[in-house]
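User: I am new to this protein and would like to learn how to read its features one at a time. Could you take me through them slowly?

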Amino acid sequence: MNPFTFDTSDFQFLLDTIGETVTIDNVEKKVIVNNAKIGDYEEKYIYTLDSIQRGNLIVYNGKNYLIVSDVTQGKLYKKALMRHCNYEIIVEGQKVCEIVGWNDFGEPIYECHTTESINIPAIVDKYTFKIDNFAPIRLPENQIIVTIREDDNTKQKFVANATFDVMGKTWKVIDVDLTRNGLLILTCELSN
């Protein structure tokens, strides 16, 4: 018998003893978090027995992180790289009116309300989105790259020519990159 054999119960023991509780897409999970290489980004590796995928939103020590890499699935655990979300985009609620009945003259009676604002954690950068490259390409002065999770809300709200505020300025989406499943990578320019 190999004394260095490591199985799922051993990893579960590690989770139970040194693991930390994080929130993965609003569900608490036990994981091991390890610092990644020192660089321009606050990046960490996450190890877990639970299912994770690129685009998952992780809340760790009160900070938002996005899983930006593919998930490595070994025999025992899943591992991925997560990057700190350095900004939050607030999408204001919209006014919605619905017909709730008809008056005596056959005219519709409307009831209006404002939908809830949505906070979207985002990674905002002046460089093209790179995970493994040591020489990222700098964007023109009036452009940024915004990386957010891909879901039904973000796919509807962040399309070409959509505008939003971040860093005290208004930005217009000029390109939506869908090549990394789970993430929307937006190229944006300063809006006039």
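User: Let me start with a single side chain: is Lys155 buried, partly exposed or exposed?

Analyst: Please keep in mind throughout that this is a predicted model. To place a residue, one looks at its relative accessible area, where under 20% is buried, over 50% is exposed, and what lies in between is partly exposed. Lys155 has a relative accessible area of 43%, so this residue is partly exposed.

User: Which residue does the side chain of Lys155 meet in a salt bridge?

Analyst: The general idea is that side chains of opposite charge can pair when their charged atoms come close. In this structure the partner of Lys155 is Glu150, with 3.7 Å from N to O, and Glu150 is itself partly exposed, at a relative accessible area of 25%.

User: How many salt bridges does a search of the whole structure find?

Analyst: The search finds eight. One of them joins Lys63 to Glu42, whose closest N and O atoms are 3.3 Å apart. This pair links distant parts of the chain, since Lys63 belongs to strand 5 while Glu42 sits in the loop between strand 2 and strand 3, 21 residues apart. Lys63 has a relative accessible area of 35%, which makes this residue partly exposed, and Glu42, at 30%, also counts as partly exposed.

User: Is Arg83, which meets Glu43 in a salt bridge, buried or exposed?

Analyst: Here the reading turns on the cut-off of 20%. Arg83 has a relative accessibility of 2%, so this residue counts as buried, and Glu43, with 8%, is buried as well. Their side chains meet at 2.4 Å, N to O, and the pair links strand 7, which holds Arg83, with strand 3, which holds Glu43, 40 residues apart. Salt bridges may also be joined into a network, as they are for Asp25, Arg149 and Asp151.

User: Now for the strands: in what order do the six strands of the open sheet lie?

Analyst: A sheet is read by following each strand to its partner. The order here is 8-11-12-15-14-13, and the pairing is antiparallel. Strand 8 (87-91) and strand 13 (163-166) stand at the edges because each has a single partner strand, and one side of each is therefore left without a neighbour in the sheet. From one strand to the next, the twist averages 45 degrees.

User: How many bridges join strand 8 to strand 11?

Analyst: Five bridges join these two strands, which run antiparallel. Across this pairing, Glu88 stands opposite Pro121 in strand 11.

User: Which residues touch the most other members of the largest nonpolar core?

Analyst: To read a core, one follows the contacts among buried nonpolar residues. The largest has 17 residues, and those touching the most other members are Ile89, Val146, Ile148, Phe158, Phe164, Leu186 and Cys188. Two or more residues come from each of strands 8, 11, 12, 13, 14 and 15. Leaving aside residues up to four places away in sequence, Phe164 touches several residues, including Ile89, Val146, Trp171 and Cys188. There is also a second, separate core of 13 residues, with Val22, Ile24, Ile46 and Tyr65 among them.

User: Finally, where is Ser51 found, and is this residue buried or exposed?

Analyst: A loop is placed by naming the strands on either side. Ser51 lies in the loop between strand 3 and strand 4, and its relative accessibility of 65% means that Ser51 counts as exposed. Its C-alpha atom is separated by 9.9 Å from that of Lys79, a residue 28 residues apart from Ser51 along the chain.

Definitions and conventions:
Residues numbered from 1 in each chain as written. Predicted model: local features only at pLDDT ≥ 70, side-chain atom pairs only at ≥ 80, totals over all residues. Heavy atoms only, no water. Pairing = 2+ DSSP bridges. Helix = DSSP H or I, 4+ residues; strand = E, 2+ residues; numbered from the N terminus. Axes fitted to C-alpha atoms, helices over the stretch in contact; angles between N-to-C directions. Salt bridge = Lys/Arg side-chain N within 4 Å of Asp/Glu carboxyl O. Buried < 20%, exposed > 50% of the residue type's maximum accessible area, 1.4 Å probe, protein only. Core = buried A, V, L, I, M, F, W, Y, C linked by side-chain atoms within 4.5 Å. Contact = heavy atoms within 4.5 Å.
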